[in-house]
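User: Please take a close look at one part of this model and describe what surrounds it. After that, go on to the charged side chains elsewhere in the chain.

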Amino acid sequence: RASTKPANKHQQSLHLHTSKEAGIMTVLSYDRETVRKSLRQKIRRAAATAIHQEDVWAKYKIEDIPAERVVRHIYNPETRQFLKNETIVKIEKEPFTNGAMRHCFRLKKLATPPQSATNHRFHSYGWSRALNYVAKCYLNEQGEPDTNERDSVLTDIILQYEAAHWADKYNVNAPKKIDFIR
């Protein structure tokens with residue numbers, strides 16, 4: 001077994017593995033940029049495949065649930081202000097799972113709400129192609145949904161947007177970039 005130093009900052013160490021019994025020598029070497037590009041291509045192919053696949057939540061018939069207008073809170077870490085906008089969702093009434101602190105519900109959200117909630121097609125407006133999300137609801141000490149959770153939710157929103165913001169700032173001159181998924 002031997003190692004050499006990288007030829008440049010993108011070249012990983014060269015590793016030689018030998019086996020006296022089999023008389024085999026394997027040389028493993030890779031360029032980090034090539035690996036990153038390959039990984040990006042694989043992710044893009046997987047995303048393209050997922051776009052063309054049927055809805056993985058189709059069996060739950062979420063499109064049959066009545067739609068609701070909700071207020072979405074989006075935090076801006078630069079201004080430290082919340083932006084509010086209305087959107088339309090369909091959400092299961094019963095949680096599909098829960099953890100120690102939260103219930104989890106399947107939710108579908110349309111990218112663009114229809115003009116009128118009174119439209120007869122409102123309940124079937126493109127829901128089979130709507131995006132899938134998981135909505136979470138805090139639990140109180142008794143394991144019941146917490147009706148006073150607003151402050152906890154807003155604190156979580158701030159935390160996640162701040163983390164994404166600082167990840168982006170770090171990535172400007174980072175030797176190794178990081179992603180934060182909200």
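Analyst: Leaving aside residues up to four places away in sequence, valine 71 touches Lys84 and Asn85. The model is a predicted one. Valine 71 belongs to strand β4, which covers residues 68-76. Its relative accessible area is 47%, and because the limit for exposed is over 50% and for buried under 20%, valine 71 is classed as partly exposed. Isoleucine 88 is 17 residues from valine 71 in sequence, and the C-alpha atoms of the two are 8.7 Å apart in space.

Strand β4 also contains glutamate 68, which is paired with lysine 93 in a salt bridge whose closest N and O atoms are 2.8 Å apart. Lysine 93 sits in the loop between β5 (81-91) and β6 (97-98), so this salt bridge ties strand β4 to a part of the chain 25 residues away in sequence. The two partners differ in accessibility class: glutamate 68 is partly exposed at 27% relative accessibility, while lysine 93, at 58%, counts as exposed.

The structure has seven salt bridges in total. Another of them joins lysine 108 and aspartate 55, with 2.6 Å between the closest N and O atoms. Here too the pair links distant parts of the chain, since lysine 108 is in strand β7 (residues 102-109) and aspartate 55 is in the loop between α1 and β4, 53 residues apart. Lysine 108 and aspartate 55 are both buried.

A further salt bridge lies within one helix. Arginine 36 and glutamate 33 meet through their side chains at 3.0 Å, N to O. Both residues are in helix α1 (residues 32-52), and the three residues that separate them in sequence correspond to about one turn of the helix. Arginine 36 is partly exposed, at 30% relative accessibility, and glutamate 33 is partly exposed as well, with a relative accessible area of 23%.

Aromatic rings come next. Arginine 106 is placed over the face of tyrosine 60, 3.5 Å from the ring centre. Arginine 106 also lies over the face of phenylalanine 96, in this case at 4.3 Å from the ring centre. As for rings paired with each other, one aromatic pair turns up in a search of the whole structure.

How values were computed:
Residues are numbered from 1 along each chain as its sequence is written. This is a predicted model: local features need pLDDT of at least 70, side-chain atom pairs count only at pLDDT 80 or more; totals for chains, interfaces and linings use all residues. Side-chain values use heavy atoms; hydrogens and water are left out. Rings of Phe, Tyr and Trp (its six-membered ring) pair if their centres lie within 6.5 Å; planes under 30 degrees apart count as stacked, over 60 as edge-to-face and the rest as tilted. A charge sits over a ring if NZ of Lys or CZ of Arg is within 6 Å of the ring centre and within 35 degrees of the ring normal. Helices (H or I, at least four residues) and strands (E, at least two) are DSSP runs, numbered from the N terminus. Buried means under 20% relative accessible area, exposed over 50%, partly exposed in between (1.4 Å probe, protein chains only). Contact means heavy atoms within 4.5 Å. A salt bridge is a side-chain nitrogen of Lys or Arg within 4 Å of a carboxyl oxygen of Asp or Glu.
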